[in-house]
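Here are my notes on the model you asked me to look through. They are set out as numbered points, to be read with the coordinates open.

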Amino acid sequence: MSANRGILTAGRWPAHRMRTLAVQTTFGSGRRAISLKSLFTPSPPSDMVHGSSGKKQRILVQPHDLFHPLSKSPVKEMREKGALIQQHGCCTTCVTETTAMGKPATREPTFECPDCGYPTHCSPTHWKQDTTHHDELCGHLREANEDEHDLRSGRTLREFEFPSAQLPEIVVNLSSWDSFLYTRSFTNINSNRAMRHVSKVLTYPVTIGSVLHQFSPFVLSSGLTPEGLKSMTALRTTIKEHDLARSEKELAMQQMPLRVFVLGARAEAMLPPHLYLQLAYLLPNSPVHVYFVGPECIPAADEARSTIVVSSRLVLKYHKSYFHDAIWNFAPFDPYTDVFFMFSPGIGHPRARPGWQPTVEKLLETKCAVFATGFHERDMQSDVRALREDFGDKMDWLLEPRENPFSSLKRDFGIRNLREWAISNWGIYGFRGKRYEVQRQE
């Protein structure tokens, strides 16, 4: 995208004020694999430049020299990451060999691939033998290496200077990241790397907004079912009433906020609160209350606070409990004002499945729309299969499983096995409790 497009951005967020985000998750368990640790935090200095605020900033890595083997990286966090992979990971060639022989893998990945800089194998011989690594994995790891060094380079991250409210006469295009960023005047995003950085954090608010918006990419011709159209029409009726309330005082006094519940919240609850303004800007006349619910839900600004008022129309609320235990804090529910999201919940994982069943049971009783995501196709299909097996006769599908146009553009790799990767909100689907019981008579 061109840096000259659109209007100058407002509401700047200098790099030195960005918070460190830390989410520790593991692949192969019920938790989803997303790592936002030290996303914006630079390490100690090797060079100094003046930032936009006039203060000196520490530059560790130059833009033309982003690639470094992890063990020799000038960034402390990257060296630590390489050590963790060597300590807890395994040689992928050894895994293939020992699996065929019925023995567990024992060799640690002490050899760093010269092309991607990650410790991937136990020896140069096994590295050369691994054609899967060379053909399918190495390029993505190299990209991740350079992206992580760029985020921690110490430069001013101008791509995170986001635009403020949209002018009423400008229509937002929600068909893809490209069109969204252009029509929303993200003028500082001028490279694929910048798009990957921004999509990593905006995938959560923009996915929510893309579902609710009147120009949503999810329509009858692209996965939305007739039942889904009914649910979305109910929610958009409320949003339309909010629009009309601008000029009608009676409606303004009667309007109810749109309640967005994010269940099993983890990474999405730890983002800086002002990132969710991008959701509010997509629904400019609607009061939006976002409820983050889950035992691992942590307020981004202050753990002691349970409510953060971001703007006059956006409130974030945090509830550290399971939804099925705290449901009476939120009842009653209304399909016209309430909608639920679950970001990569892992419903189909054997260890997580029993824990999600009472929550899904309560969700279906609300008759409100529920949307969930998965971090790759296998993860999404596992969750969908579990829902069909456990609740197939109690639910209607609103959105058929499909790729999410506002997934993260960045891949995250597992520490224990670099062949396991995740893309935040790669796929999306929707469901709701059955509203009608139909029995066929002979």
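The points below go from the chain as a whole to one strand and its partners, and then to individual side chains.

1. The model is a predicted one, and the remarks on local features are restricted to residues with pLDDT of at least 70. The chain has 442 residues, of which 53% are buried, and it contains 12 helices and 14 strands. Among contacts between residues at least 6 apart in sequence, 71% join residues that are at least 24 apart.

2. Strand β6, residues 288-293, deserves a look of its own, because 6 of its 6 residues are buried and the strand is therefore largely enclosed by the rest of the structure. In a regular strand, side chains alternate between the two faces of the sheet. In β6, V288, V290 and F292 point one way, while H289, Y291 and V293 point the other way, and all of these residues are buried.

3. On one pairing of β6, the partner is strand β5 (residues 258-263), which runs parallel to β6 over 6 bridges, with V262 having F292 as its bridge partner. Between β5 and β6 the chain passes through helix α9 (residues 277-282), and the resulting β-α-β crossover is right-handed.

4. β6 also pairs with strand β8 (residues 314-319), again in the parallel sense and over 6 bridges. F292 is a convenient residue at which to follow both pairings, since its bridge partner in β8 is Y318, while V262 is bridged to F292 in the pairing with β5.

5. Strand β7 (residues 307-311) pairs with β8 in the antiparallel sense over 4 bridges, and the two strands form a hairpin with 2 residues between them. Within this pairing, the bridge partner of I308 is L316 of β8.

6. Is R259, a residue of strand β5, buried or exposed? With a relative accessible area of 13%, R259 falls under the 20% cut-off and so counts as buried. Its side chain reaches the backbone oxygen of F330 at 3.0 Å. Apart from neighbours within four places in sequence, R259 is in contact with H289 and Y291, and also with F330, P332, F333, T337, D338 and V339; H289 and Y291 are among the β6 residues that point the same way from that strand.

7. T238 lies in helix α7 (residues 226-244) and is buried, at 5% relative accessibility. Beyond its neighbours within four places in sequence, T238 is in contact with M256, Y336 and T337, and a polar atom of its side chain lies 2.5 Å from the backbone oxygen of Y336. T337 also appears among the contacts of R259. The C-alpha atoms of T238 and L258 are 7.8 Å apart, although these two residues are separated by 20 places along the chain.

8. The aromatic side chains form 24 pairs in the structure. Ring pairs join F160, F162, W177, F180, F186 and F406 into a cluster, which can be displayed as a group when the model is inspected.

9. Two arginines are placed over aromatic rings. R142 lies over the face of F67, 3.8 Å from the ring centre, and the charged end of R411 sits over the ring of W421, at 4.1 Å from its centre.

Definitions and conventions. Residues are numbered from 1 along each chain as its sequence is written. This is a predicted model: local features need pLDDT of at least 70, side-chain atom pairs count only at pLDDT 80 or more; totals for chains, interfaces and linings use all residues. Side-chain values use heavy atoms; hydrogens and water are left out. Buried means under 20% relative accessible area, exposed over 50%, partly exposed in between (1.4 Å probe, protein chains only). Two strands pair if DSSP finds at least two bridges between them. A crossover is right-handed if, with the strands pointing away from the viewer, the path from the first strand over the helix to the second runs clockwise. Rings of Phe, Tyr and Trp (its six-membered ring) pair if their centres lie within 6.5 Å; planes under 30 degrees apart count as stacked, over 60 as edge-to-face and the rest as tilted. A charge sits over a ring if NZ of Lys or CZ of Arg is within 6 Å of the ring centre and within 35 degrees of the ring normal. A polar contact is a pair of N or O atoms within 3.5 Å; within protein, one must be able to donate a hydrogen and the other to accept it, and residues adjacent in sequence count only if both atoms are side-chain atoms. Contact means heavy atoms within 4.5 Å.
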